[in-house]
Amino acid sequence: EGFTWGMGTSAYQVEGAYRADGRGASIWDTFTGANTVGMPGANCSYCCTAPPCSWNGGMADKGATGNVACDHYNNWRSDVALMQSMGL
């Protein structure tokens, strides 16, 4: 009693829409080795010498990216309906 459940997300882990609507490159894109060539904000000066960057050796699942993720960008209506059904 007196406890309220909530929900949180991490944009990179749920959004998807890798190249939709002018989305810019993120540090996670370069970390995972996603091809950022031509994306706004793509700057490989801090991670490699030329795009696309290779995946970071610290990744546990090599080649896993957030390019699609949970695809909340395209499924937000059903995601919101699910959250409403859960009382969030």
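This passage walks through the predicted model of one protein chain, from its confidence scores to its helices, its charged side chains and the contacts of its loops.

The structure is a predicted model, in which local features need pLDDT of at least 70 and side-chain atom pairs count only at pLDDT 80 or more, while totals for chains, interfaces and linings use all residues. Residues are numbered from 1 along each chain as its sequence is written, and side-chain values use heavy atoms, with hydrogens and water left out. The term pLDDT stands for the predictor's confidence in each residue, on a scale from 0 to 100. Across the protein chain, pLDDT averages 84, and 92% of the residues score at least 70. Among the elements of the chain, the lowest mean pLDDT (83) belongs to helix H2 (residues 27–32), and the highest (94) to H3. Helices here are DSSP runs of H or I with at least four residues, and strands are runs of E with at least two, numbered from the N terminus.

Helix H3 (residues 72–85) is a good place to begin. How far does H3 span between its end C-alpha atoms? The span is only 17 Å, whereas a straight helix of 14 residues would cover 20 Å at 1.5 Å a residue. That expected span is 1.5 Å times one less than the number of residues. H3 also bends by about 45° at serine 78, where the bend is the angle between axes fitted to the seven residues ending there and the seven starting there. After H3 comes glycine 87, with a positive phi near 80°.

Charged side chains come next. Side chains of opposite charge can pair when their charged atoms come close. For this count, Lys and Arg are positive and Asp and Glu negative, while His and the chain ends are not counted. A salt bridge is a side-chain nitrogen of Lys or Arg within 4 Å of a carboxyl oxygen of Asp or Glu, and a search of the whole structure finds one. It joins aspartate 29 to arginine 23, with the closest N and O atoms 3.0 Å apart. Both aspartate 29 and arginine 23 are buried; buried means under 20% relative accessible area, exposed means over 50%, and partly exposed lies in between (1.4 Å probe, protein chains only). Aspartate 29 sits in helix H2 and has a relative accessible area of 0%. Beyond its neighbours within four places in sequence, aspartate 29 is in contact (heavy atoms within 4.5 Å) with Tyr12, Tyr18, Arg23, Gly24, Ala34, Thr36 and Met39.

Tyrosine 18, one of those contacts, is found in the loop between helix H1 (11–14) and H2. Is tyrosine 18 buried or exposed? Tyrosine 18 counts as buried because its relative accessible area is 13%. Tyrosine 18 and asparagine 67 are 49 residues apart in sequence, yet their C-alpha atoms are 4.5 Å apart in space. Asn67 is also among the residues that tyrosine 18 touches, and so are Arg23 and Asp29.

The loop between H1 and H2 also holds glycine 16, which is buried with a relative accessible area of 4%. Leaving out residues up to four places away in sequence, glycine 16 touches Arg23, Gly66, Asn67, Val68, Ala69 and Asp71. By comparison, the C-alpha atoms of glycine 16 and glycine 33, 17 residues apart along the chain, are separated by 15 Å.

Several of these partners can be followed into the loop between H2 and H3. Valine 68 has its place there and is exposed, with a relative accessible area of 55%. Valine 68 is in contact with Glu15 and Gly16, aside from its neighbours within four places in sequence. Alanine 69 lies in that loop too and is partly exposed, at 36%. Although alanine 69 is not a glycine, its phi is positive, about 50°. Aspartate 71, also in the loop between H2 and H3, is another non-glycine residue with a positive phi, about 60°.

Aspartate 71 is buried, with a relative accessible area of 18%. Which side chain of opposite charge is nearest to aspartate 71? The nearest is arginine 23, 10 Å away, and aspartate 71 has no salt bridge. Outside its neighbours within four places in sequence, aspartate 71 is in contact with Val14, Glu15, Gly16 and Ala17.
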